[in-house]
Amino acid sequence: MKSQDTYILLQTIGQLLSEPLEPYVPLPLEARHVYFESRARSLAEQAEFYGVSKTGLIRSYRTLVEAGLLREPEVRPAGFGPWVNLPAAGEWLGYGVRYAEPAHRSGFGFGLPTGFNCRLIRSEMLPPDPPLCIAGASTVVSAPEREGILINPIDKHVITGPDLTPGAYVLMSVLDAIRIGKPRELAHARSELKKLLDNAQVIQNRLHNEFKEYRAT
């Protein structure tokens with residue numbers, strides 16, 4: 001597993017988490033085509049959305065499928081990427097990434113706030129002083145740059161790619177807390193990761209049911 005593979009996994013789950021968390025309600029027949037066609041992306045468009053090359057995206061998909069973290073892309077509606085094996089993804093993100101892509105501190109400057117400073121989870125953390133940030137990372141509207149101790153991102157595309165979606169930012173914040181947290185923060189971050197993945201599972205199941213209806217029409 002390369003760092004880009006983890007980045008693609010994070011972005012794919014983040015895309016799920018950016019969808020509304022709603023129960024499954026059958027779509028009206030006339031709305032199904034519009035709903036999925038409006039979200040359709042080719043592989044090239046999906047690669048651009050993640051800020052990677054098309055070849056790199058295909059290679060990462062293949063690696064993640066072989067690792068059991070993703071299911072084959074063709075069984076998923078275009079624009080949402082492959083289906084994610086979320087229980088297996090939880091094991092990798094919650095335990096494997098901490099050792100495969102450890103966080104290292106690298107000076108002081110401005111960057112994107114990590115999980116210690118993310119407003120959604122910082123109240124349960126023991127924040128470092130000064131705070132931890134990722135230098136030069138793509139931002140989201142709710143996460144402006146701030147000054148702090150810089151750590152390396154999980155992959156270079158966090159810096160060079162397009163702005164993170166809200167779902168990808170929250171997931172990355174939790175993942176960075178897992179990468180560098182001490183026992184108290186680590187336990188809380190893993191608990192938050194499980195909540196996020198449980199929500200992603202609900203959203204993915206809903207999309208799966210809606211897509212089955214769409215293909216049946």
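Helices (H or I, at least four residues) and strands (E, at least two) are DSSP runs, numbered from the N terminus. This is a predicted model, in which local features need pLDDT of at least 70, side-chain atom pairs count only at pLDDT 80 or more, and totals for chains, interfaces and linings use all residues. Residues are numbered from 1 along each chain as its sequence is written, and side-chain values use heavy atoms, with hydrogens and water left out.

**Exercise 1. Place proline 166 and describe its surroundings.**

Step 1. Proline 166 belongs to helix α7.

Step 2. Accessibility is put into three classes: buried is under 20% relative accessible area, exposed is over 50%, and partly exposed is in between (1.4 Å probe, protein chains only). With a relative accessible area of 58%, proline 166 is exposed.

Step 3. Glutamine 15 is 151 residues from proline 166 along the chain, and their C-alpha atoms are separated by 8.6 Å. For serine 18 and proline 166, 148 residues apart along the chain, the C-alpha separation is 6.2 Å.

Step 4. Serine 18 sits in the loop between α1 and α2 (29–37). Its relative accessible area of 36% makes serine 18 partly exposed.

Step 5. A contact means heavy atoms within 4.5 Å. Leaving aside residues up to four places away in sequence, serine 18 touches Thr165, Pro166 and Gly167.

**Exercise 2. Give the overall layout of the chain.**

Step 1. Count the elements: the chain has eight helices and three strands.

Step 2. Put them in sequence order: the pattern is α-α-α-α-α-β-β-β-α-α-α.

Step 3. Turn to burial: of the 217 residues in the chain, 51% are buried.

Step 4. Turn to contacts: among those with a separation of 6 or more, 72% join residues 24 or more positions apart.

Step 5. Turn to the surface, computed by the Shrake-Rupley method with a 1.4 Å probe (for residues, only the protein chains shown count as cover). The accessible surface of the chain is about 10400 Å², and carbon and sulfur atoms hold 55% of this area.

**Exercise 3. Which residues of helix α3 (residues 43–50) are buried, and where do they lie around the helix?**

Step 1. The buried residues of α3 are Gln46, Ala47 and Tyr50.

Step 2. Seen down the axis of α3, these buried residues fall within an arc of 100°, so they line one face of the helix. The arc is that of the directions from the helix axis to the C-beta atoms.

Step 3. A general rule helps here. An α-helix has 3.6 residues a turn, so residues three or four places apart point the same way.

Step 4. Among the elements that cover the buried residues of α3 are α1 (3–17) and α4 (54–66).

Step 5. Just after α3, glycine 51 has a positive phi of about 80°.

**Exercise 4. Describe the aromatic pair of the structure.**

Step 1. Rings of Phe, Tyr and Trp (its six-membered ring) pair if their centres lie within 6.5 Å; planes under 30 degrees apart count as stacked, over 60 as edge-to-face and the rest as tilted.

Step 2. The structure holds one such pair. Phenylalanine 49 and tyrosine 50 form it, with 5.7 Å centre to centre and 55° between the planes, a tilted pair.

Step 3. Phenylalanine 49 is partly exposed, with a relative accessible area of 28%, whereas tyrosine 50 is buried at 0%.

**Exercise 5. Which elements build the largest nonpolar core?**

Step 1. A nonpolar core is a set of buried Ala, Val, Leu, Ile, Met, Phe, Trp, Tyr and Cys residues joined through side-chain atoms within 4.5 Å.

Step 2. The largest one has 42 residues, and those with the most contacts inside it are Ile8, Leu9, Ile13 and Val84.

Step 3. Two or more residues each come from α1, α3, α4, α5 (86–100), α7 (166–180) and α8 (183–216). Helix α7 gives the largest share, nine residues.

**Exercise 6. Where is the prediction least and most confident among the elements?**

Step 1. pLDDT is the predictor's confidence in each residue, from 0 to 100. The chain averages 75, and 64% of the residues score at least 70.

Step 2. Strand β2 (residues 132–135) has the lowest mean pLDDT of the elements, 53, and α5 the highest, 92.

Step 3. Over residues 135–139 the pLDDT is below 50, and this stretch has 23 contacts in the model beyond near neighbours in sequence.
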